[in-house]
Amino acid sequence: DGWHPTEIADDQVGTEWQWSKKEATLTFRNPKQDVIFYLQADRPVNPFVEPQNVEVRVGEAVVDRFSIASSRVELRKFPITAAQLGGGETAEMRIIVDRTFIPATIPALNSNDPRELGVRVFRAYIEPR
């Protein structure tokens, strides 16, 4: 929930991403062990003067918090404990941005894209520790 459909770059073979909305959910099979979470994201357009703030939560616990400046790809890597993932068969993580934008409402972008966009995510995955 909270994701736009996958997009593929016209000029770079194998490059794809999904835009988040204000809050996007990742659901995955719970490995029931400590993991490292990797998140590669950016904000390729600059509708705001300030960097965009992002929180990553497991349940209500904030497991990472960072800012993304325009045109800068962030690769985040941080630990998540088995206890934070809980005991269920699946685990859920939320990516929350402090503000979104709609390209069609920004004249400088010359876009008619009506979607609410948060951050552009290239990769999100876990690796057992």
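In this predicted model, A24 stands opposite I95, a residue of strand β8. That pairing belongs to a contact in which seven bridges join strand β3 (residues 23-29) to β8, the two strands running antiparallel. Elsewhere, five strands form an open antiparallel sheet in the order β1-β2-β9-β4-β7, and the structure also holds four aromatic pairs as well as a largest pocket with about 190 Å³ of space.

**Strand β8 and its partners**

- Strand β8 (residues 90-97) is largely enclosed by the rest of the structure, because six of its eight residues are buried.
- Besides its seven bridges to β3, strand β8 is joined to strand β5 (residues 52-58) by five bridges, and β5 and β8 likewise run antiparallel.
- Within the contact between β5 and β8, V58 is the residue that stands opposite M93 of β8.
- Strands of a sheet pair through backbone hydrogen bonds, in either a parallel or an antiparallel sense.

**The five-stranded open sheet**

- The order of the strands is β1-β2-β9-β4-β7, and the pairing is antiparallel.
- The edges of this sheet are formed by β1 (7-8) and β7 (74-80), each of which pairs on one side only.
- Strands β2 and β9 pair in the antiparallel sense over two bridges, and W19 stands opposite R120 of β9.
- L75 lies in the edge strand β7, and with a relative accessibility of 59% this leucine counts as exposed, because the threshold for that class is over 50%.
- The C-alpha atoms of L75 and L39 are separated by 5.7 Å, although the two residues are 36 residues apart along the chain.

**Aromatic pairs and a charge over a ring**

- Of the four aromatic pairs in the structure, one is formed by W17 and F122, which meet edge-to-face with 6.2 Å centre to centre and 65° between the planes.
- This pair links distant parts of the chain, since W17 belongs to strand β2 (residues 16-19) and F122 to strand β9 (residues 120-128), 105 residues apart.
- W17 counts as buried because its relative accessibility is 12%, where the class requires a value under 20%.
- Another aromatic pair, that of Y38 and Y125, is stacked, with 4.9 Å centre to centre and 15° between the planes.
- Y38 lies in strand β4 (residues 35-42) and Y125 in strand β9, so their pair ties together parts that are 87 residues apart in sequence.
- The two tyrosines fall into separate accessibility classes: Y38 is buried, with a relative accessible area of 12%, whereas Y125 is partly exposed, with a relative accessible area of 41%.
- The ring of W17 has a further partner in R120, whose charged end sits over that ring at 4.7 Å from its centre.

**The largest pocket**

- The lining of the largest pocket comprises 13 residues, and those that lie nearest its centre are W19, P44, V45, R115 and L117.
- Sorted by class, this lining has eight nonpolar residues, four charged residues and one polar residue.
- W19 thus appears in two settings, as one of the residues nearest the centre of the largest pocket and as the residue opposite R120 in β9.

**Loops and the start of the chain**

- Most residues other than glycine have a negative phi.
- K32, which is not a glycine, has a positive phi of about 55°; this lysine is found in the loop between β3 and β4 and is partly exposed, with a relative accessible area of 43%.
- N110 also has a positive phi, near 50°, and is likewise a residue other than glycine; this asparagine lies in the loop between β8 and β9 and is exposed, with a relative accessible area of 75%.
- D1 lies in the segment before β1 and counts as exposed, at 77% relative accessibility.
- From C-alpha to C-alpha, D1 and K21 are 9.0 Å apart in space, while 20 residues apart in sequence.

Technical notes:
Residues numbered from 1 in each chain as written. Predicted model: local features only at pLDDT ≥ 70, side-chain atom pairs only at ≥ 80, totals over all residues. Heavy atoms only, no water. 1 Å grid on protein atoms, 1.4 Å probe; cavity = no way out; pocket = protein on both sides within 12 Å on 5 of 7 lines; lining within 4 Å. Points joined across faces, edges and corners; volume = space filled by probe spheres on them. Nonpolar A, V, L, I, M, F, W, Y, C, P; charged D, E, K, R; others polar. Phe/Tyr/Trp six-rings, centres within 6.5 Å; stacked < 30°, edge-to-face > 60°. Helix = DSSP H or I, 4+ residues; strand = E, 2+ residues; numbered from the N terminus. Buried < 20%, exposed > 50% of the residue type's maximum accessible area, 1.4 Å probe, protein only. Lys NZ or Arg CZ within 6 Å of the ring centre and 35° of its normal. Pairing = 2+ DSSP bridges.
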